[in-house]
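Colleague: I would like to go through the empty space and the aromatic contacts in this model. Please keep the answers short.

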Amino acid sequence: MRRRVLAIAILAAALFLGAEAQAVQQGHQTERISGSAGDVLEDNPVGRLKVYVYDLPSKYNKKLLKKDPRCLNHMFAAEIFMHRFLLSSAVRTFNPEEADWFYTPVYTTCDLTPSGLPLPFKSPRMMRSAIELIATNWPYWNRSEGADHFFVTPHDFGACFHYQEEKAIGRGILPLLQRATLVQTFGQKNHVCLKDGSITIPPFAPPQKMQAHLIPPDTPRSIFVYFRGLFYDTSNDPEGGYYARGARASVWENFKNNPLFDISTDHPPTYYEDMQRSVFCLCPLGWAPWSPRLVEAVVFGCIPVIIADDIVLPFADAIPWEEIGVFVAEEDVPKLDSILTSIPTEVILRKQRLLANPSMKQAMLFPQPAQAGDAFHQILNGLARKLPHGENVFLKPGERVLNWTAGPPGDLKPW
């Protein structure tokens, strides 16, 4: 009985928060990101760097997309849209001699299985083939062995090119990419698949689709905690405990009957609308620490509850994740209800005001066409902040660092 009374009281508080947040959602109460982070988020990269885009044969990119258009809509699509953006960007140069950075457009996640997952076996071979091509036909790779090149690698575990962590760790980052800058969705501290200097980005979530599901901004947030997704992956983890390191299973076992938690494996047509009616949206790890759920939460103003130990979040030098989100350790999932209900109302309202800042939402999206401050521009800002290149970028004549025959034997096969 006491638990039920508490639940009713908290739901009433959530409705109150929804009413208080109406002005926030209408844009009358927003809060600018304080300090240098706010300035970084609004930086304009144009004029600060020049990028040369290699013109590769279509088999590395456009031909793959034509074969399987699903690549345009899945969460790995950032590699496609980044290519399209750069082709018409003001930072593009057609003179490689004046370029600060070189970009190689390889769609490594566009060779899909029938279920829509990238084939992990072909991706590293495709990337090796592309690097061999640019090293043979242009002089710029060889002078730095890729240290002034960047690659978009949005696989589950980045340039380790596998969707299962254990196998990704065993494979490691493709050796030929060890000196390049990787732009990837995967980010976890002290992990084999995240190299120093990488730029962590949000996964792709379709902006137009989310825009079509916006509801009136004065809609109260009557759902306290919301989540839709898998709690177990019985097909790939039949014994349980490995998927999401048990965190999702713990959410289900502890809160499936809690009235404060609207959680289910169902994915209703009102999914986007429901997020806009929620105060907190759970963003737990799955097979990898990241998912589009984080993007959706920010865009819809739902406070992200991040359950992924040691995660490195997108554009962490520009987005104040500690101020807009709630971090819960995986081992503390059983205490999730008490953690969230103990957050003071004024703290919740401030997080909502920050989330209502348009620049926050824009930084998480890859819109078509590109817009000022979006994820494309945040990537360029990250590259611009690495300039000028240090003395260690360019090799001495005859000097070689990379081992072209390193890596798993399967990766050395022709593509």
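The exchange below covers the annotated span, the cavity, the pocket and the aromatic rings.

Colleague: Which residues does the UniProt annotation "domain: Exostosin GT47" cover?
Modeller: Bear in mind that this is a predicted model. The annotation comes from an unreviewed UniProt entry. It covers residues 48-343.

Colleague: How far apart are the end C-alpha atoms of residues 48-343?
Modeller: That span is 28% helix and 14% strand. Its end C-alpha atoms lie 42 Å apart.

Colleague: How much space lies in the largest cavity?
Modeller: Rolling a probe the size of a water molecule over the atoms shows where empty space is left. The count comes to one cavity of 30 Å³ or more. The space in the largest cavity is about 110 Å³.

Colleague: Which residues of its lining lie nearest the centre of the largest cavity?
Modeller: The lining has 13 residues. They divide into 11 nonpolar, two polar and no charged. Nearest the centre are Pro289, Trp290, Ser291, Leu294 and Ile311.

Colleague: How many charged residues are in the lining of the largest pocket?
Modeller: The largest pocket holds about 1000 Å³ of space. It is lined by 37 residues, with Met75, Arg248, Ser291, Pro292 and Arg293 closest to its centre. The lining divides into 19 nonpolar and 10 polar residues, and the charged ones number eight.

Colleague: Which helix gives the most to the lining of the largest pocket?
Modeller: Two helices each supply at least two lining residues: α11 (271-276) and α12 (293-299). The top contribution is three residues, and it comes from α11.

Colleague: Why does the pair of tyrosine 60 and tryptophan 415 count as tilted?
Modeller: The structure holds 23 aromatic pairs. In this one, the ring centres are 5.1 Å apart. Planes under 30 degrees apart would count as stacked, and over 60 as edge-to-face. The planes here are at 35°, so the pair is tilted.

Colleague: How many residues apart in sequence are the parts that this pair ties together?
Modeller: Tyrosine 60 lies in the loop between β1 (51-53) and α4 (62-67). Tryptophan 415 lies in the segment after α17 (375-384). The pair therefore ties together parts separated in sequence by 355 residues.

Colleague: Is tyrosine 60 buried or exposed?
Modeller: Its partner, tryptophan 415, is partly exposed, with a relative accessible area of 29%. The cut-off for buried is under 20%. Tyrosine 60 has a relative accessible area of 3%, so it is buried.

Colleague: Which residues form one aromatic cluster?
Modeller: Tyrosine, phenylalanine and tryptophan each take part. The members are Tyr52, Tyr54, Phe102, Trp138 and Tyr140.

Notes
Residues are numbered from 1 along each chain as its sequence is written. This is a predicted model: local features need pLDDT of at least 70, side-chain atom pairs count only at pLDDT 80 or more; totals for chains, interfaces and linings use all residues. Side-chain values use heavy atoms; hydrogens and water are left out. On a 1 Å grid over the protein atoms alone, a cavity is a set of points where a 1.4 Å probe fits but cannot get out, and a pocket is an open set with protein on both sides within 12 Å along at least five of seven lines; lining residues have an atom within 4 Å of a point. Grid points are joined across faces, edges and corners, and a volume is the space filled by probe spheres set on the points. Ala, Val, Leu, Ile, Met, Phe, Trp, Tyr, Cys and Pro count as nonpolar, Asp, Glu, Lys and Arg as charged, and the others, Gly among them, as polar. Helices (H or I, at least four residues) and strands (E, at least two) are DSSP runs, numbered from the N terminus. Rings of Phe, Tyr and Trp (its six-membered ring) pair if their centres lie within 6.5 Å; planes under 30 degrees apart count as stacked, over 60 as edge-to-face and the rest as tilted. Buried means under 20% relative accessible area, exposed over 50%, partly exposed in between (1.4 Å probe, protein chains only). UniProt positions are given in the numbering used here, feature names are shortened, and annotations may be inferred rather than shown by experiment.
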